[in-house]
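Please take a moment to look over the sequence and the model below before reading on. The paragraphs that follow lead through a few parts of the fold, one after another.

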Amino acid sequence: MKNIILTGDRPSGKLHIGHYVGSLKRRVELQNSGKFDKIYVMIADAQALTDNFDNPEKVRANITEVALDYMACGIDPAKSTIFVQSHVAELTELTFYYMNLVTLARLERNPTVKAELKQKNFELSIPMGFLTYPVSQTADITAFKANTVPVGEDQLPMLEQAREIVRSFNGLYGETLIEPKAVLPDNKACLRLPGTDGMAKMSKSLGNCIYLSDSADEIKRKVMSMYTDPNHIKVTDPGDTKNNPTFIYLEAFSTDEHFQRYLSEYANLGELKAHYERGGLGDMKVKKFLNAVMQEILEPIRLKREELAKDIPAVWDMLYKGSEEARKTAAATLADVKKAMRIDYFADRK
Ligand code: TRP
């Protein structure tokens, strides 16, 4: 069996450091591992439209942003096929056949969909497109015969749903599709990075994100005003590191080398945490260190992004090439699917 990756993001905003540690970093490592026969990275514009159908311009603008974010982080078009979902019409056709294999009740039970429905206040007027996006996500994955899907933790229910659809399809029509598995970050702090305000998730609407494109000043300002332990009032007070986003970020981003470079009185994060918990360590000192770490990680990404942003037409050329290539693969899978279902009536006339 071939080792194939398919993954992607909705272009509904610029990507932030939660995306970076939650999946982008892993994708780049997997890309450079040489262990994969093919890697597809999809900008899920059609999926983004399921909750932004009233604002296609926003989705369009963010396709460029996400493509820049991808390349700035090291996703290399020479090694990974980056493409735009809506260009691959075969995905929509696959979705239509897969919809027969899922019930409304099952979609309504999908925990990620459930949480999003609540957050968006759709209540009783849920758009069908939105409710069925997990089915289209199954089409995205299976069209490329992907066995590996590096994503954030919130995507696990989508992968579960995809596996169910694949099993149901293969059971009914014969072995055709590949059951995919998710790949999550090993580091627990990376699974769901909280917002700078301490809320469970980074989200554009909460204004608690640090973006990959943020300037050095913006990063500093955001880090220095981060939420910490509200009970850690005096420096001498013992502090909590577990629900404290500054320490969760350090857990996700800092290494022992960072300590050597910027805070050599501590050998590692364990020592810094112990001091904070015991009392006697001020938030300012922690934040200054975190800022140094974030600046070091984000500067090369930002510089590369600025360079790439000088030639936006080249970005769209790259996306067009990737999308054309992706379309060929998806068309071949669609042909297999129709053959398995015995609805390939005109296959011999071509
Ligand atoms: N749902 C993903 C997100 O919210 C985007 C996505 C669409 C995706 N299709 C996919 C991710 C297939 C992995 C595999 O960002």
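**From the start of the chain**

In this predicted model, strand β1, which spans residues 4-9, is mostly covered, with 5 of its 6 residues buried. Strand β1 is joined by 6 bridges to strand β2, residues 38-43, and the two strands run parallel. Within this pairing, T7 has V41 of β2 as its bridge partner. Helix α1, residues 17-33, belongs to the picture as well, since β1, α1 and β2 make a right-handed β-α-β unit. In general, the side chains of a regular strand alternate between the two faces of the sheet.

From here we turn to a pair of helices later in the chain. Two packed helices are described by the angle between their axes and by the distance between those axes. For helix α12, residues 245-253, and helix α15, residues 283-308, the angle is about 35° and the axes lie 10 Å apart. The crossing of α12 and α15 is left-handed. On the α12 side, the residues that take part are T246, F247, Y249, L250 and F253, and they meet V286, K287, F289, L290, V293, M294 and I297 of α15. Sorted by character, the residues of this contact between α12 and α15 divide into 10 nonpolar, 1 polar and 1 charged.

How much of α12 is covered? Of its 9 residues, 7 are buried, so that the helix counts as mostly covered. The buried residues are P245, T246, F247, Y249, L250, A252 and F253, and they pack against α1, α10 (188-191), α13 (256-262), α14 (269-278) and α15. Helix α1, already met in the β-α-β unit, is thus among the partners of the buried residues of α12.

Two single residues complete the tour, and they may be read side by side. G129 is found in helix α7, residues 128-131, whereas P134 has its place in helix α8, residues 133-143. Which of the words buried, partly exposed or exposed applies to G129? G129 is partly exposed, because its relative accessible area is 38%, a value that falls between the limits of 20% and 50%. P134, in turn, counts as buried, because its relative accessibility is 0%. Leaving aside neighbours within four places in sequence, P134 is in contact with L107, N110, V113, M158 and Q161. As for separations along the chain and in space, G129 and P56 are 73 residues apart in the chain, and their C-alpha atoms are separated by 15 Å. P134 and P180 are 46 residues apart along the chain, with 14 Å between their C-alpha atoms.

Note on methods. Residues are numbered from 1 along each chain as its sequence is written. This is a predicted model: local features need pLDDT of at least 70, side-chain atom pairs count only at pLDDT 80 or more; totals for chains, interfaces and linings use all residues. Side-chain values use heavy atoms; hydrogens and water are left out. Buried means under 20% relative accessible area, exposed over 50%, partly exposed in between (1.4 Å probe, protein chains only). Helices (H or I, at least four residues) and strands (E, at least two) are DSSP runs, numbered from the N terminus. Two strands pair if DSSP finds at least two bridges between them. A crossover is right-handed if, with the strands pointing away from the viewer, the path from the first strand over the helix to the second runs clockwise. Axes are lines fitted to C-alpha atoms, for helices over the stretch in contact, and angles run from 0 to 180 degrees between N-to-C directions. A crossing is left-handed if the near helix is turned anticlockwise from the far one by less than a right angle, and right-handed if clockwise. Contact means heavy atoms within 4.5 Å. Ala, Val, Leu, Ile, Met, Phe, Trp, Tyr, Cys and Pro count as nonpolar, Asp, Glu, Lys and Arg as charged, and the others, Gly among them, as polar.
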